[in-house]
Amino acid sequence: MAPVKEGDTITLHYKGSLDDGTVFDSSEGRGPLSFKVGDGQVIQGFDDGVRGMEVGESRQIPADQAYGEYYEELVRVVPRSGFPPDTTPAIGLAFEMELPSGESTTVRIIDVEGDDVTLDANHLLAGEALHFDVLLVSIDNE
């Protein structure tokens, strides 16, 4: 069988970890992950890293193109009064916020101090070096 290329639908098992070895995601105990290579369904570094693999091959993919850099400008302090009355702002609370462009993005609360609530629109793993161990299970050439 030919190696993985753009347009193939592949199935694989994976484990994602940080530099310190902390596992942030894994297919262990669940079914394997399936996706179409090149369709933007997974982060770019992962998508690029599986290209050329063959069934049964294991590979470690250092995903430098993971969730991008951490941008301080995506952190904002807003007044507590900007939240609905039935919402109690708490660290870790995540929600969708509409941008002026009409698009929406996920933000999370990273600090609550008095009447100030600090929001962060960076991905939780932004700025992190991610490592993926993958085992290719199958390739469906379309």
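A salt bridge here is a side-chain nitrogen of Lys or Arg within 4 Å of a carboxyl oxygen of Asp or Glu. Keep that cut-off at hand for the first exercise; the model you are working with is predicted.

**Exercise 1. Salt bridges**

Decide whether Glu57 and Arg59 meet the cut-off, and describe how enclosed each partner is.

*Solution.*
- Step 1: The N to O distance between the side chains of Glu57 and Arg59 is 3.2 Å. The limit is 4 Å, so the pair counts as a salt bridge.
- Step 2: Glu57 has a relative accessible area of 26% and is partly exposed. Arg59, at 25%, is partly exposed too.
- Step 3: Now look at the network: salt bridges with shared partners link Glu6, Asp47, Asp48 and Arg51. One of the bridges pairs Asp47 with Arg51, with the closest N and O atoms 2.8 Å apart. Asp47 is buried at 3% relative accessibility, while Arg51 is partly exposed at 27%.
- Step 4: Try Lys5 and Asp8 as well: their closest N and O atoms are 3.1 Å apart, which makes another salt bridge. Here Lys5 is partly exposed at 42%, and Asp8 is buried at 1%.
- Step 5: Over the whole structure, the search gives seven salt bridges.

**Exercise 2. The partners of strand E1**

Work out which strands pair with E1, and in which sense.

*Solution.*
- Step 1: Start with E9. Ten bridges connect E1 and E9, and the two run antiparallel. Lys15 sits opposite Asp133 of E9.
- Step 2: Move to E3, residues 33-36, which pairs with E1 in the antiparallel sense through four bridges. Ile10 has Phe35 as its bridge partner there.
- Step 3: Finish with E2, residues 23-26, antiparallel to E1 over three bridges. Ser17 faces Val23 in E2. Four residues lie between the strands of the E1 and E2 hairpin, where Gly21 takes a positive phi near 90°.
- Step 4: Check how enclosed E1 is. Seven of its ten residues are buried, so E1 is largely enclosed by the rest of the structure.

**Exercise 3. The nonpolar core**

Find which elements supply the largest nonpolar core, and which of them gives the largest share.

*Solution.*
- Step 1: The core has 20 residues; those touching the most other members are Val4, Ile10, Leu12, Phe35, Phe46, Val50 and Val134.
- Step 2: At least two core residues come from each of E1 (9-18), helix H1 (44-50) and E9 (130-140). E9 gives the largest share, with five residues.
- Step 3: Zoom in on Val134. Beyond its neighbours within four places in sequence, its contacts include Leu12, Tyr14, Phe46, Met53 and Ile61.

**Exercise 4. Aromatic pairs around Phe46**

Classify the ring pairs that Phe46 makes with Phe35 and Phe132.

*Solution.*
- Step 1: There are five aromatic pairs to choose from. For Phe35 and Phe46, the centres are 5.9 Å apart and the planes stand at 55°, giving a tilted pair.
- Step 2: Since Phe35 belongs to strand E3 and Phe46 to helix H1, this pair ties together parts eleven residues apart in sequence. Both Phe35 and Phe46 are buried.
- Step 3: For Phe46 and Phe132, the centres are 4.8 Å apart with the planes at 80°, so the pair is edge-to-face. Helix H1 holds Phe46 and strand E9 holds Phe132, so the link spans parts 86 residues apart in sequence.
- Step 4: Phe132 is buried, with a relative accessible area of 6%. Tyr14, Phe24, Phe35, Phe46 and Phe132 together make one aromatic cluster.

Conventions:
Residues numbered from 1 in each chain as written. Predicted model: local features only at pLDDT ≥ 70, side-chain atom pairs only at ≥ 80, totals over all residues. Heavy atoms only, no water. Buried < 20%, exposed > 50% of the residue type's maximum accessible area, 1.4 Å probe, protein only. Core = buried A, V, L, I, M, F, W, Y, C linked by side-chain atoms within 4.5 Å. Contact = heavy atoms within 4.5 Å. Pairing = 2+ DSSP bridges. Phe/Tyr/Trp six-rings, centres within 6.5 Å; stacked < 30°, edge-to-face > 60°.
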